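Subject: Structure handover

Hello,

Here is the structure I said I would pass on. My notes on what turned up in it follow below.

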Amino acid sequence: MTDNRSQLSSSSFLTPEDPSPVVVHGGTDPRSPLLLVSDHAGQAIPSALGDLGVPEAERARHIGWDIGIDGVGRMLADLTGALLIEQSYSRLVIDCNRAPGHQTAIVTVSDGTPVPANQDVSATEAALRTQAIFDPYHTRIGEELDRREDEGIETFLIALHSFTPEMQNFRRPWHCGVLHNHDPRFGRIIIDCLSEEGLTVGDNEPYELTDTSDYTVPVHGERRRIPHVEIEIRQDLITAETGQKEWAERLARVLPEAIKRYHEQYGSHPVTEAE
């Protein structure tokens, strides 16, 4: 691994040849009630960091990105007309679903795999990664939510993720997981809708969404008090394009039905705290 970290600055961390940290897809219906976001859709690494010292096969595992969620998200955006905002860099560079400074924002070891370029990262370099990758992504989400609020468009924030089928010798039985925290209303409706499709659905499984373990939903969903959910899909179900298409079509059915049920139970744009 070539280590150029000592030469990094805010202007040189991402070169013109490096991909943009934000990729926007879809949006053919600017008044769609859905806003799709994907924190771990990409595998890019800034040229300044080489290959992070991690073999390509390891970077391609779940530790590097959310396998299959790029295909699901883009197909879902095409099917619904919703806007999809993706983050294009590997989560091994910086995890955009963690608050800056969180102990897992820049990991030194992930699922047993060391990340040499992340050893002894200085506060200055961590800030550069945040400024170059994390900030533009979350700024773009915020801008879209501001636009929708200004135009009076009701928004359901959908954070798309995927999870590895096995972790620490435990075979995860869920086809998908639905994550929620302070306001579980929309999440519980989606759990019902997905369960009606004959799926094994995790309720805050295989992960629990919390104020400290997550960033996107707490900041963009809970703070704005808009309906929101994080959906996790098991990666072996969406590794291939056929599975991605199946899940995109499923969510294109389920999400509008869940919105319909939400309206029936709670109305539009709730302004009171969930009980």
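This is a predicted model. I begin with helix 4 (residues 185-195) and helix 6, which pack with their axes 9 Å apart and at an angle of about 130 degrees. That angle falls outside both the 65 to 115 range for roughly perpendicular and the range over 145 for roughly antiparallel, so helix 4 is oblique to helix 6. Their crossing is right-handed.

On the helix 4 side, the contact is made by Arg-185, Phe-186, Ile-189, Ile-190, Asp-192, Cys-193 and Leu-194. Helix 6 contributes residues including Arg-250, Leu-251, Val-254, Leu-255, Ala-258, Ile-259, Tyr-262 and Tyr-266. By class, the residues of this contact are 12 nonpolar, five charged and one polar.

Helix 6 (residues 241-266) also packs against helix 2 (residues 69-80), here at about 45 degrees and with the axes 8 Å apart. Helix 2 and helix 6 are therefore oblique to each other, and this crossing is right-handed. From helix 2 the contact takes Gly-71, Val-72, Met-75, Leu-76, Leu-79 and Thr-80. Among the residues from helix 6 are Glu-241, Gln-244, Trp-247, Ala-248, Leu-251, Ala-252 and Leu-255. The contact of helix 2 with helix 6 divides into nine nonpolar, three polar and three charged residues. Leu-251 and Leu-255 are listed for the contact with helix 4 and for the one with helix 2.

Next, the sheet. Seven strands make up an open, mixed sheet, and their order is 1-3-2-6-11-9-10. Strand 1 (22-26) and strand 10 (201-203) are the edge strands, each paired on one side only. On average, neighbouring strands are turned by 25 degrees against each other, direction ignored. Within the sheet, strand 6 (residues 156-163) runs parallel to strand 11 (residues 228-234), and the two are joined over seven bridges. One of the bridge partnerships links His-161 to Glu-232 of strand 11.

Two backbone details are worth a look. Most residues other than glycine have a negative phi, and most peptide bonds are trans. Asn-204, however, has a positive phi, near 55 degrees, and the peptide bond joining Glu-205 and Pro-206 is cis, with omega at about 5 degrees. Both Asn-204 and Pro-206 lie in the loop between strand 10 and helix 5 (216-222).

Last, confidence. The average pLDDT of the chain is 94, and 93% of the residues score at least 70. In residues 271-275 the pLDDT is below 50, and this stretch has eight contacts in the model beyond near neighbours in sequence. Where pLDDT is low, the predicted coordinates should not be read in detail.

Regards

Key: Residues are numbered from 1 along each chain as its sequence is written. This is a predicted model: local features need pLDDT of at least 70, side-chain atom pairs count only at pLDDT 80 or more; totals for chains, interfaces and linings use all residues. Side-chain values use heavy atoms; hydrogens and water are left out. Two strands pair if DSSP finds at least two bridges between them. Helices (H or I, at least four residues) and strands (E, at least two) are DSSP runs, numbered from the N terminus. Axes are lines fitted to C-alpha atoms, for helices over the stretch in contact, and angles run from 0 to 180 degrees between N-to-C directions. Angles under 35 degrees count as roughly parallel, over 145 as roughly antiparallel, 65 to 115 as roughly perpendicular and the rest as oblique. A crossing is left-handed if the near helix is turned anticlockwise from the far one by less than a right angle, and right-handed if clockwise. Contact means heavy atoms within 4.5 Å. Ala, Val, Leu, Ile, Met, Phe, Trp, Tyr, Cys and Pro count as nonpolar, Asp, Glu, Lys and Arg as charged, and the others, Gly among them, as polar. pLDDT is the predictor's confidence in each residue, from 0 to 100.
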